[in-house]
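Take a look at the chain shown here. This report walks through some of its parts.

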Amino acid sequence: MSGEKRTVVIIGGGITGIAAAYYLQKAIKEQQLPIECKLVEATHRLGGKVQTVIRDGFVIERGPDSFLARKTSAFRLVQEVGLEDEIVHNATGKSYILVNGKLYPIPGGAVMGIPTQIGPFITTGLFSPLGKLRAALDFILPPTKAEGDLSLGQFFRRRFGDEVVDNLIEPLLSGIYAGDIDQMSLMSTFPQFFQLEQRYGSLVRGAKRTTPKAAKQRKGAFQTLKTGLQSLVDEVEKRLEQGSVMKGVRVENVRREGTEYRLRLSNGEEWKADSIIVAIPHSSVPAMFADYPFFAPFQSIPSTSVATVALAFPESAIEQDIDGTGFVVSRRNDYTITACTWTHKKWPHTAPSGKALLRCYVGRPGDEEIVEQSDDEIVRVVMDDLNKIMRITGRPEFFVISRWKQAMPQYTVGHKERLANIKAHMDSELPGVFLAGSSYEGLGLPDCIDQGEEAVKKVLDYLQVSHRKFAEVN
């Protein structure tokens, strides 16, 4: 790639956008490519949902608090920016499910709620004898005959029955996606479960055979940074080319003009680009690309609103404690909270000695009004819920509430197909424009970083090809 300098614009400065900017600028430097990379972010900070509050010795995450260790891209980015010494694994401890007002330990050997050991499932009080019998049908039911996609709920209810799904699988899975498992796409969230069922004829058999022995070791499956995840954002930002990031400015319109793109910005500027990485939520795309009606399906993809509620206490305020790191809440409860992490136990670095940090979650599909309530009302409701199962005296020393409105994209049934269809249109009508981020192919930090890296590869391939075509024409 030689000759005239090309311009790549990355729209959106969440974790996907900054990972893409970092890796693209790295490739430009290392390979001395004639490319300029610019990033534009509508808010006044980078990192999107990755935000950390450090106060009175507490480390409080407003958004994601960790990433899966087995997905390596987040760890690689941490290494790239010199933070590997700050990495810690979560402390392992009992996790619970709240069903009918009572806490039950999650049965040993459960992988996303699927048993890999039969004993703990037979002895747990989470299910009635009838519910356990119904779940045993997994061993004899034939594999699903799937014509296209189906919902997670439909898939799991067929194999295990409603009781196991409602009391175990649903609280675990909907906690990850803040979604309704009866609407969520199996093929876009956990296609591996479908493959296990097809291959082994039983999810239990498949999970048992494919769960590595390492899963039984005592090291936690999650990692985070002692300095808070925002320190990753800050370190990546420091390494971005000076002058290449513009904050507080929105891209209002993008349209193709010949082999280039013209971007109209909210500050009145117009930019030209040869290639674009669109790393923004799906809901913002149709208006930005108003001339391209094939983005319309994004308007009907729902997003849910959630809030995280971090509460700091002296340890002595928790009079009746529970031996464990947290719990998720089944819908068979009159509770507003959907989950609670005893953060000071799961991540000991997050609270000073003698202090306790609890992080609760509120908001679920169809029950999102709580997110709109005042801080005091949210704290009152959360404290009422907590005091039903543990005894906490006094008010918290302080609290941090983070509202994420319409922030959790829902991969509903047919998501993969819709996305493939939109991308096919983009290939023909918007060559050199690529989507990446939590709305598309994975919500977790490593998934977003992976998508950012993948988009960079596509941009570099596209510019090589389009440069050759340009050279041939001339």
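What follows covers a sheet, the helices on it, a cavity and a pair of rings. The model is predicted.

## The sheet

Start with the strands. Seven of them form an open sheet. Their order is 8-7-19-20-21-17-23, and the pairing is mixed. Strands of a sheet pair through backbone hydrogen bonds, either parallel or antiparallel.

Which strands stand at the edges? They are strand 8 (102-105) and strand 23 (398-409). Each has a single partner strand, so one side of each is left without a neighbour in the sheet. From one strand to the next, the twist averages 20°.

Now zoom in on one edge. Strand 7 covers residues 95-99 and pairs with strand 8. The two run in the antiparallel sense, and four bridges join them. Val-99 has its bridge partner in strand 8, namely Lys-102.

## Helices on the sheet

Helix 6 (residues 162-177) packs on the sheet. It touches strand 7, strand 19 (326-329) and strand 23. The direction of helix 6 makes about 110° with that of strand 7.

Helix 13 (residues 375-386) lies across five strands named here: strand 17 (303-314), strand 19, strand 20 (337-342), strand 21 (355-362) and strand 23. Helix 13 runs at about 100° to strand 23.

## A cavity

How many cavities of 30 Å³ or more does the count give? The count comes to one. The largest cavity holds about 100 Å³ of space. Its lining is made of 13 residues. Those nearest its centre are Val-59, Glu-61, Asp-65, Thr-343 and Thr-350.

Where does the lining come from? Strand 4 (58-61), strand 11 (222-225) and strand 21 each give two or more residues. Strand 4 gives the most, with three. By class, the lining of the largest cavity has six nonpolar residues, four polar ones and three charged ones.

## Aromatic pairs

The count of aromatic pairs comes to 16. One of them joins Phe-58 and Phe-398. A pair of aromatic rings is described by the distance of the centres and the angle of the planes. For Phe-58 and Phe-398, the centres are 5.5 Å apart, and there are 85° between the planes. This pair is edge-to-face.

Which parts of the chain does the pair link? Distant ones: Phe-58 is in strand 4 and Phe-398 is in strand 23. The two residues are 340 residues apart.

How values were computed. Residues are numbered from 1 along each chain as its sequence is written. This is a predicted model: local features need pLDDT of at least 70, side-chain atom pairs count only at pLDDT 80 or more; totals for chains, interfaces and linings use all residues. Side-chain values use heavy atoms; hydrogens and water are left out. Two strands pair if DSSP finds at least two bridges between them. Axes are lines fitted to C-alpha atoms, for helices over the stretch in contact, and angles run from 0 to 180 degrees between N-to-C directions. Contact means heavy atoms within 4.5 Å. On a 1 Å grid over the protein atoms alone, a cavity is a set of points where a 1.4 Å probe fits but cannot get out, and a pocket is an open set with protein on both sides within 12 Å along at least five of seven lines; lining residues have an atom within 4 Å of a point. Grid points are joined across faces, edges and corners, and a volume is the space filled by probe spheres set on the points. Ala, Val, Leu, Ile, Met, Phe, Trp, Tyr, Cys and Pro count as nonpolar, Asp, Glu, Lys and Arg as charged, and the others, Gly among them, as polar. Rings of Phe, Tyr and Trp (its six-membered ring) pair if their centres lie within 6.5 Å; planes under 30 degrees apart count as stacked, over 60 as edge-to-face and the rest as tilted.
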